[in-house]
Amino acid sequence: MSQIDLEKFSKYSKPGPRYTSYPTALEFKDDFQYEDYLKYLENGTEKLSLYIHLPFCRSACYFCGCNVVFTSKEEKLSQYIEYLKKEIDILAQHLDTSREVIQFHFGGGTPTFYKAFELDEIVSYVKSKFPNWSADAEISCEIDPRFFNEDQMKVFQKHGFNRISFGVQDFDPKVQKEIHRIQPYELTKAAVDLARKYGINSINVDLIYGLPYQTFESFQKTLQEAFSLQPDRLAVFNYAHVPWMKKTMRKFDETTLPSPDVKLQIFQYTIDFFESNGYKMVGMDHFAKPEDELFGAIAKGELHRNFQGYTTKGGANLIGIGLTSIGEGSRYYAQNTKDMKVYEEAIDARRLPFERGVELSDDDYLRKAVIMELMANFSIDIKRVEKEHNIDFKAYFADALEELEEFVEADLVTRTDEKISVSPTGTLLIRNIAMPFDAYMHQYGGNKKSFSKTV
């Protein structure tokens, strides 16, 4: 990748979505009703992707933007399992549970805050209600290496888990202390070795750049140490500093956060580092070894993006189970309540804990296809979009193409009648490049507190 003009690039540092969904969660409204959601569940025929949110953590990691519940009380954890089972029972009344399950994911919180027998209980219950699992289903869990043991790993092996993602963020002791997550390299290595011992051959490591006290030099060291673990994939996220939404982020002294040009320098180095060490960049913030199935998907233009990141399992109906979980169908998003009391009350009343969502209009559906293709494959096949959606691309997206011109002039995007392609340097600004296709962005023009910074 050519050396970028950091000063020129840092002008693009502005609030913008990460496009794990389109429309984004800001568009989820109350006018998408519970009955609308049930109708989609009852009429669905697509294959299933099941996501279960286990929201509990022992203590706060100050950088975290997830919806979590802090506790050390065992009874809270076991009570939640009972409610999850009841929620699964209610779901089973509203959708065809014989549909094929092609993906299953535990997210959190800290899923491995649960003991081995409890994790076993949850997965066994899901399988008793959803019996039809694809032979090559992707079965995965997010793991905090500080809460991980061999008994849990035996449960994962028993249930066919084949992907594990370890949260690392940064190996530097000063950064770890500031973000309230002390996690020595040796502890993380032991966790990775344990997963390998039990045959997990797809291990992901999560890193974050833009954290307090990170420097270009300190992150180089973190990259070296992450590389020494030989993960199959890495996710290197841009820290989303949203203190108006997350109180723990207010603990950071903002003068210790690296500036946009240092963050760009770090991310450009990250790309060069992994590519020179045999990894390839996938989408906006992921890297994988060339033999990874993500690359076959890119070659066929079949890489997809959802709330769990990049996946080859596109076209599935994502069912969100548990507190705050988000479900996704081809024409809707549905989110469960974030309030534990409301969650339990809904389930006690034999209702799903649905709170809000959005039904996609034809325009949303089209724009989602275009934005997700751009986010996943760094290009848009104009002719394919025209054929699949029966539109004249140039006429329909005249405004977006005009806005895109600035990126064309900067050699970050090339455009022909058949294709829009983002240059390797342009991939650093993929969120900015996708934004012209977002029909909702103009609403947030003056509001800095809607999204995290793109750079």
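This section describes a small sheet with its packed helices, one buried residue, and selected salt bridges and ring interactions in a predicted model.

The sheet considered here is open and consists of three strands in the order E17-E19-E18, with antiparallel pairing. Its edge strands are E17, covering residues 379-381, and E18, covering residues 413-415, each of which pairs on one side only. On average, neighbouring strands of this sheet are turned by 10 degrees against each other, direction being ignored. Strand E19 spans residues 419-422 and runs antiparallel to E17, to which it is joined by three bridges. Within this pairing, Asp381 has Lys419 in E19 as its bridge partner. In general, the strands of a sheet pair through backbone hydrogen bonds, in either a parallel or an antiparallel manner.

Two helices are associated with these strands. Helix H12, made up of residues 362-377, lies across E17 and E19 and runs at about 130 degrees to E17. Helix H13, residues 382-389, also packs on the sheet and touches E17 and E19. The direction of H13 makes about 50 degrees with that of E17.

Helix H12 also contains a salt bridge. The side chains of Asp363 and Arg367 meet at 3.0 Å, N to O. Both residues lie in H12, four residues apart, which is about one turn of the helix. Asp363 counts as partly exposed, at 23% relative accessibility, whereas Arg367 is buried, with a relative accessible area of 12%. Elsewhere, Glu138, Arg163, Arg233, Asp292 and Glu293 are joined into one network by salt bridges that share partners.

The count of salt bridges comes to 26. Among them is the one between Lys47 and Glu100, whose side chains meet at 3.4 Å, N to O. This pair links distant parts of the chain, with the two positions 53 residues apart in sequence numbering. Lys47 is in the loop between helix H2 (34-43) and strand E1 (48-54), and Glu100 is in the loop between H3 and strand E4 (101-108). Both residues are partly exposed: the relative accessible area is 44% for Lys47 and 25% for Glu100.

A further salt bridge is formed by Lys85 and Glu121, with the closest N and O atoms 2.7 Å apart. Here too the pair links distant parts of the chain, as Lys85 is in helix H3 and Glu121 is in helix H4 (residues 116-129), 36 residues apart. Lys85 is buried, with a relative accessible area of 17%. Glu121, at 27%, is partly exposed.

Helix H3, which covers residues 74-94, also holds Ile88. Ile88 has a relative accessible area of 1% and is therefore classed as buried, the limit being under 20%. When neighbours within four places in sequence are left aside, Ile88 is in contact with Tyr125, Val126, Lys129, Phe130 and Ile321. Ile88 and Ile347 are 259 residues apart in sequence, while their C-alpha atoms are 10.0 Å apart in space.

Aromatic pairs in the structure number 35. One of them is formed by Tyr209 and Phe267 and is stacked, with 5.1 Å from centre to centre and 10 degrees between the planes. The two rings belong to distant parts of the chain, Tyr209 to strand E7 (residues 203-209) and Phe267 to helix H9 (residues 260-276), and the residues are 58 apart. Both count as buried, Tyr209 at 8% relative accessibility and Phe267 at 5%. In addition, one aromatic cluster is formed by Phe216, Phe227, Tyr269, Phe273, Phe274, Tyr279 and Phe287.

Charged side chains are also placed over aromatic rings. The charged end of Lys251 sits over the ring of Tyr62, at 5.1 Å from its centre. The charged end of Arg331 sits over the ring of Tyr365, and in this case the distance from the ring centre is 4.1 Å.

Note on methods:
Residues numbered from 1 in each chain as written. Predicted model: local features only at pLDDT ≥ 70, side-chain atom pairs only at ≥ 80, totals over all residues. Heavy atoms only, no water. Pairing = 2+ DSSP bridges. Axes fitted to C-alpha atoms, helices over the stretch in contact; angles between N-to-C directions. Contact = heavy atoms within 4.5 Å. Buried < 20%, exposed > 50% of the residue type's maximum accessible area, 1.4 Å probe, protein only. Salt bridge = Lys/Arg side-chain N within 4 Å of Asp/Glu carboxyl O. Phe/Tyr/Trp six-rings, centres within 6.5 Å; stacked < 30°, edge-to-face > 60°. Lys NZ or Arg CZ within 6 Å of the ring centre and 35° of its normal.
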